[in-house]
Structures are given as C-alpha cells and as structure tokens.
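Colleague: I am new to this structure and would like to go through some of its details. Please show it first.

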Amino acid sequence: NNDFSNRSQKATISVIPRAVQILQVAGVAMVLLALAGLAYLAVMAWAFMHPESPLFARKYRPRFLSYVVNKERLEKQLQIRKDWKAKQESQATS
C-alpha cells in the first residue's frame, strides 16, 4: 500500500487460532434447542387457534398439543375442523 506515498507502513497484525471450548459448544447448542422449542410452541399455538389451517390437520398436528390443552378444548377445536372440512367438501361437490 505504498502507491503515491513517501511513507511506508510497517505495522503487522498476528492472528492466533483459538480452540473452542466445550462449554461454548454446549451453550450454542442449548440456545439453538431453546429457539427450536420456541418455534415449535409458536406453531402449536397457531395450529390450535386456527383449526382450519393445514397445521391442525391430523398429519401435521403438533404431537404435544394433547399434553398442553385439556381434552374438552381440543375436542371442540377438532369438531370445528370437522365442520369446516365438511363445508369445504360440500362446496367442492356443488
């Protein structure tokens, strides 16, 4: 970098590779697991609040939903989905 200058630059920077410690790896893994858990909870809440969405379908319904929500509320949402699906099928045949 001495173009068009009468001063030379003599400074150097040395970078020493640092070993990653096991606690750092464990911390990153725990944060990623927590974020994945929060995303799963968000999807579960969305599916429960919107029984017409594809996320509430039997195939994609979050497995832990039955552990978090009491049985009566879950049955009510399932009935709403069944009614909606029957309505959709009747409109499709019309």
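What follows is a short exchange about a predicted model.

Colleague: Is S53 buried or exposed?

Modeller: S53 is found in the loop between α1 (22-49) and α2 (65-68). It touches W46, A47 and R81, leaving aside residues up to four places away in sequence. Its relative accessible area is 10%, and the cut-off for buried is under 20%, so S53 is buried.

Colleague: How many aromatic pairs are there, and of what kind is the pair of Y40 and F64?

Modeller: The count comes to two aromatic pairs. For Y40 and F64, the ring centres are 6.0 Å apart and the planes stand at 85°. Planes over 60 degrees apart count as edge-to-face, so the pair of Y40 and F64 is edge-to-face.

Colleague: Which parts does that pair tie together?

Modeller: The parts are 24 residues apart in sequence. Because Y40 lies in one and F64 in the other, the pair ties together helix α1 and the loop between α1 and α2.

Colleague: Of what kind is the pair of F64 and Y67?

Modeller: The ring centres of F64 and Y67 are 5.9 Å apart, with the planes at 50°. That angle makes the pair neither stacked, which needs under 30 degrees, nor edge-to-face, which needs over 60. The pair is therefore tilted.

Colleague: Which residue has its charged end over the ring of F56?

Modeller: Both partners are among the residues that line the largest pocket, where about 180 Å³ of space lies. The charged end in question is 4.9 Å from the centre of the F56 ring, and it belongs to R61.

Technical notes
Residues are numbered from 1 along each chain as its sequence is written. This is a predicted model: local features need pLDDT of at least 70, side-chain atom pairs count only at pLDDT 80 or more; totals for chains, interfaces and linings use all residues. Side-chain values use heavy atoms; hydrogens and water are left out. Helices (H or I, at least four residues) and strands (E, at least two) are DSSP runs, numbered from the N terminus. Buried means under 20% relative accessible area, exposed over 50%, partly exposed in between (1.4 Å probe, protein chains only). Contact means heavy atoms within 4.5 Å. On a 1 Å grid over the protein atoms alone, a cavity is a set of points where a 1.4 Å probe fits but cannot get out, and a pocket is an open set with protein on both sides within 12 Å along at least five of seven lines; lining residues have an atom within 4 Å of a point. Grid points are joined across faces, edges and corners, and a volume is the space filled by probe spheres set on the points. Rings of Phe, Tyr and Trp (its six-membered ring) pair if their centres lie within 6.5 Å; planes under 30 degrees apart count as stacked, over 60 as edge-to-face and the rest as tilted. A charge sits over a ring if NZ of Lys or CZ of Arg is within 6 Å of the ring centre and within 35 degrees of the ring normal.
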